[in-house]
Amino acid sequence: MALPATLVWEIRPTNGTANAGGGFDPSVASPGTDFSQQNAVQQAYTDLIIDAVTNTNITSVARAFSSVDVGNGISITGGTGFTTGIYNIRSVTGVIATVDRAVGTTGSTGGTGDLGGARSGFSVGTTTLQASLVAGQKAWVKNEAWNEYVNLTVAGATGSPITIEGYNTARGDNPTGANRPLNNRAAAAGNALDLQGTHHILKHLRFSNAGTDGVKTTAGSVSLFVNCQSASNGGVGFNFTNNPQAWLVNCEANNNTSTGIACTNGATLVGCYAHDNTGAGISSGTTLIDLNSCILEANASHGHTMGAGYVLMNACTLDGNTGASADGYNASTPIRAIIMNTIFSNNGRYGANVTDGDNLWADYNDFSGNATAARNPASGAGAFPTGANDQALDPQFTDRAAGDFSIGTNLKALGFPGLFPGGLSTGYLDIGAVQRQEAAGGGASRGGRIIGG
Amino acid sequence: MRELDHNKWTDAERTEFSLKGWRSRRPGEWPPVCSVVRPAAYAHDLRRGVIEYDPAWRNYSNHTVRIPPGTIVRGCNFTQNQPDTDAIIITGPPDSVTFIDCNLCNVRLRPGLIAQGCNTAQAWLVTTKDAEGKDVEDRQWVARHSDDLTPAMKVAPVNAVLDRSF
């Protein structure tokens, strides 16, 4: 056997303990008391004994096991004949605890280990949590001061992802802004998070000030990030260079020393915010990148740059990406691209700039205040298409300097689709990532959300 | 925003444009750089000249910026191309301006300057080869703060990108 997929981990970066048991399995038969949701370990053993016959059974004289321990983790840290590792107590008979797998050599005595308590990190302890993860498990991270290099190498699986979710004061409180746990690397070398396994879900987490990238994925992850932020790192914010199928919802990449979000091998981004990066807001390669309702602004290079690849850009706002060579959208020769409902405004050169735009379909976009021109080429072979329903109107952002890109009345209800095929339905979508906020009652919003938390 | 109608330019601006291919930016024109309008001291796209801080604008990348005392600057991008670039002119004591959540990459941070939650990394822009052998630009990190730069770190690597003219 091995650690169960139903095990739930608890990480409290400041108040947890490196070698704590760290997890609890509520699905075990007759679960006891969850000792993982407490700062201190429940018991620090120094007299563990492995049963003389069965090497999955352990006892202690100093603090006998009982039914309250069932489902809890125990981290074995040493002792002759003991195999270090994090184990899970599956049952207790009398004072004998049966764990999920062999603990060592039968008859061994003097084992050390900690029962219960939250872990202080993924990378700490005699046996690390990150090495102990199993597909299907979930780890909660409490919002406490946090600084560690996290390297997740264990893969999840289809239907059994590994989920890591941040919380502020209570599990599931869906924190936003500064209430999300922040892994602040304080300029330590390397990345804050390396994600090398597939099928991970990360929610409500922040990564900052890493010497290199905030988040980097490799080895083909199929990962989902929700409400995460990667800021002020020495390299890229989210670096999915080697990661097919990265999915980001409501994520923010800002103030990074390189690109905000780099996704060479395809990605889907919804409601994301890439801003104030030293490089481009987003870069992509040959594989399809799907940008929905994203804001790319105030980057020191392009808003979105891509080579010969595929893009679906819908309802985005690309504003104020400056420099004589910086465009809102910059691409060589898109192989196939659909660009619609997007605002290209106040960029340093062109709103949209391509080497060859013949494979593009673009319409229902707004071009305003781009320093050199709206489109390049503007006409002739390879031109970036001018849509019949394009606009050249001031988006009337509510407060762009303060990051509020909700539009005024100019672009209200001018988006695609208007009249649907068949002529029975008509849409009235606004153009841009953030819909118009009516003076009273809010309203008229396509899926209201908090950008970047 | 800027005035791109040449008929509304002054004679001096038209003369300047005929000589340089662009005219000097007027205060308050945003974005501060485009193909035909640039700050007077614009050298190239990685050294874009001096502009004033304005709460209406957040992207000051590769510019030198004048900021009045008493200002709280929040969430702005002051990225510079080369480490230890003297890019911020505070027209008062250094501690009279507070930077919060700003990108101060490659900015020389003078003693007393207040930076909270900012990226102060120092990194060279360099050209490297990608997996297919093509030249690509990347950032080569050297220090977390301008105070940590050694003389050797301030020397440009041979593959550094130092100029980008348009």
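Reader: Which elements of chain B have the lowest and the highest mean pLDDT?

Author: In this predicted model, strand E10 (residues 135–143) of chain B has the lowest mean pLDDT, 84, and strand E4 (residues 64–67) of chain B has the highest, 96. Chain B averages a pLDDT of 89, and 96% of its residues score at least 70. The model scores ipTM 0.77 and pTM 0.89.

Reader: What makes up chain B in terms of helices and strands?

Author: Chain B has 1 helix and 10 strands. From the N terminus on, the order is α-β-β-β-β-β-β-β-β-β-β. Its C-alpha atoms fill a box of roughly 50 × 50 × 25 Å along the principal axes. Of the 166 residues of chain B, 36% count as buried. Among contacts in chain B between residues at least 6 apart in sequence, 37% join residues at least 24 apart.

Reader: Why are strands E5 and E8 of chain B said to stand at the edges?

Author: The open sheet of chain B has 3 strands in the order E5-E7-E8, with parallel pairing. Strand E5 (72–74) and strand E8 (114–116) each have a single partner strand, so one side of each is left without a neighbour in the sheet. Neighbouring strands of this sheet are turned by 15 degrees against each other on average, direction ignored.

Reader: How do you know that E5 and E7 of chain B count as paired strands?

Author: Two strands pair if DSSP finds at least two bridges between them. E5(B) and strand E7 (residues 98–100) of chain B are joined in the parallel sense over 3 bridges, so the condition for pairing is met. Within this pair, B:Val73 stands opposite B:Phe99 in E7(B).

Reader: Why is B:Asn106 called buried?

Author: A residue is buried if 20 or more other C-beta atoms lie within 10 Å of its own. B:Asn106 has 29 other C-beta atoms within 10 Å and is therefore buried. Its place is in the loop between E7 and E8 of chain B.

Reader: Which residues is B:Asn106 in contact with, leaving aside its neighbours within four places in sequence?

Author: The contacts of B:Asn106 are with B:Thr79, B:Gln80, B:Asn81, B:Gln82, B:Pro83, B:Thr85, B:Gln122 and B:Ala123. B:Asn106 and B:Gln80 are 26 residues apart in sequence, and 5.2 Å separate them in space, C-alpha to C-alpha.

Reader: What makes A:Val222 buried?

Author: A:Val222 has 20 other C-beta atoms within 10 Å. Because the cut-off is 20 or more, A:Val222 counts as buried. A:Val222 is found in the loop between strand E16 (215–217) and strand E17 (224–226) of chain A. Not counting residues up to four places away in sequence, A:Val222 touches A:Thr198, A:His199 and A:Gln245. From A:Val222 to A:Thr198 the separation is 24 residues in sequence and 5.2 Å in space, C-alpha to C-alpha.

Reader: Why do A:Asn255 and A:Asp276 count as buried?

Author: With 32 C-beta neighbours inside 10 Å, A:Asn255 satisfies the criterion for a buried residue. A:Asp276 has 32 other C-beta atoms within 10 Å and is buried. A:Asn255 lies in the loop between strand E21 (252–254) and strand E22 (261–263) of chain A, and A:Asp276 in the loop between strand E24 (273–275) and strand E25 (282–284) of chain A.

Reader: What is the phi of A:Asn255, and what is that of A:Asp276?

Author: Phi of A:Asn255 is near 60 degrees, a positive value in a residue other than glycine. For A:Asp276, phi is near 60 degrees, again a positive value in a residue other than glycine.

Reader: Where does chain A have a cis peptide bond?

Author: One cis peptide bond joins A:Asn376 and A:Pro377, with omega about -10 degrees. Another joins A:Phe416 and A:Pro417, with omega about -5 degrees. A:Pro377 is found in the segment after strand E37 (373–376) of chain A.

Reader: How many residues of chain B are in contact with chain A?

Author: In chain B, 32 residues are in contact with 28 residues of chain A. The side of chain B that touches chain A divides into 16 nonpolar, 9 polar and 7 charged residues.

Methods:
Residues are numbered from 1 along each chain as its sequence is written. Chains are lettered from A and ligands numbered from 1 in the order in which they are written. This is a predicted model: local features need pLDDT of at least 70, side-chain atom pairs count only at pLDDT 80 or more; totals for chains, interfaces and linings use all residues. Helices (H or I, at least four residues) and strands (E, at least two) are DSSP runs, numbered from the N terminus. A residue is buried if 20 or more other C-beta atoms lie within 10 Å of its own, exposed if 12 or fewer, and partly exposed in between; C-beta atoms are placed from the backbone. Two residues are in contact if their C-beta atoms, placed from the backbone, lie within 7 Å. Axes are lines fitted to C-alpha atoms, for helices over the stretch in contact, and angles run from 0 to 180 degrees between N-to-C directions. Ala, Val, Leu, Ile, Met, Phe, Trp, Tyr, Cys and Pro count as nonpolar, Asp, Glu, Lys and Arg as charged, and the others, Gly among them, as polar. pLDDT is the predictor's confidence in each residue, from 0 to 100.
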